[in-house]
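Biologist: Before we discuss labels such as buried or exposed, could you put the model in front of us and then justify each label in turn?

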Amino acid sequence: MTEPQENYSAEAEASSMDPHDWGRAMALAVTRLAEQIAPADSEDIHAALVGKDLHLKIRDDDSGVTITVSTAPVSGSSS
């Protein structure tokens, strides 16, 4: 039997509704997620994400979008 995995989630905001402008927010959300998952003494925190299935949710906000990246499906209504 497999052990239950912990679920991690991180988000970042983009100030535009245009997907071409979301790169920095995506990178920030992924980095925040890696910081949660990686061991404290890790020199390359992003290596902790290699081989993991990640989930992405994009929600619209008044001034752009909020991007959530997680290790489990992100709950909430889809719009």
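**Labels and their grounds**

Modeller: In this predicted model, Trp22 has a relative accessible area of 14% and is labelled buried.

Biologist: Why is Trp22 called buried?

Modeller: The term applies under 20% relative accessible area, and Trp22, with its value of 14%, is therefore buried. Trp22 sits in the loop between strand 1 (9–14) and helix 1 (23–37).

Biologist: Which residues are in contact with Trp22, once its neighbours within four places in sequence are left aside?

Modeller: They are Ala14, Ser16, Met17, Ile58, Val65 and Ile67, where contact requires heavy atoms within 4.5 Å. With Val65, the C-alpha to C-alpha distance is 8.4 Å, although the two residues are 43 apart in sequence.

Biologist: And what makes Asp62 exposed rather than buried?

Modeller: Exposed means over 50% relative accessible area, and Asp62 has 87%, so Asp62 is exposed. Asp62 belongs to the loop between strand 2 (55–60) and strand 3 (65–70), and together with Glu13, Asp60 and Asp61 forms a negative surface patch.

Biologist: What makes that patch of Glu13, Asp60, Asp61 and Asp62 negative?

Modeller: Asp and Glu count as negative, and the patch is formed by Glu13, Asp60, Asp61 and Asp62, so the label follows from the residue types.

Biologist: How much of the protein counts as buried, and what pattern does the protein follow along the sequence?

Modeller: Of its 79 residues, 28% count as buried, while the pattern reads β-α-β-β, with one helix and three strands.

Terms used
Residues numbered from 1 in each chain as written. Predicted model: local features only at pLDDT ≥ 70, side-chain atom pairs only at ≥ 80, totals over all residues. Heavy atoms only, no water. Patch = residues over 30% accessible without salt bridge, like charges linked within 9 Å, V, L, I, M, F, W, Y side chains within 5 Å. Areas by Shrake-Rupley, 256 points an atom, 1.4 Å probe, with all protein chains shown as cover. Salt bridge = Lys/Arg side-chain N within 4 Å of Asp/Glu carboxyl O. Charge placed at Lys NZ, Arg CZ, Asp CG, Glu CD. Helix = DSSP H or I, 4+ residues; strand = E, 2+ residues; numbered from the N terminus. Buried < 20%, exposed > 50% of the residue type's maximum accessible area, 1.4 Å probe, protein only.
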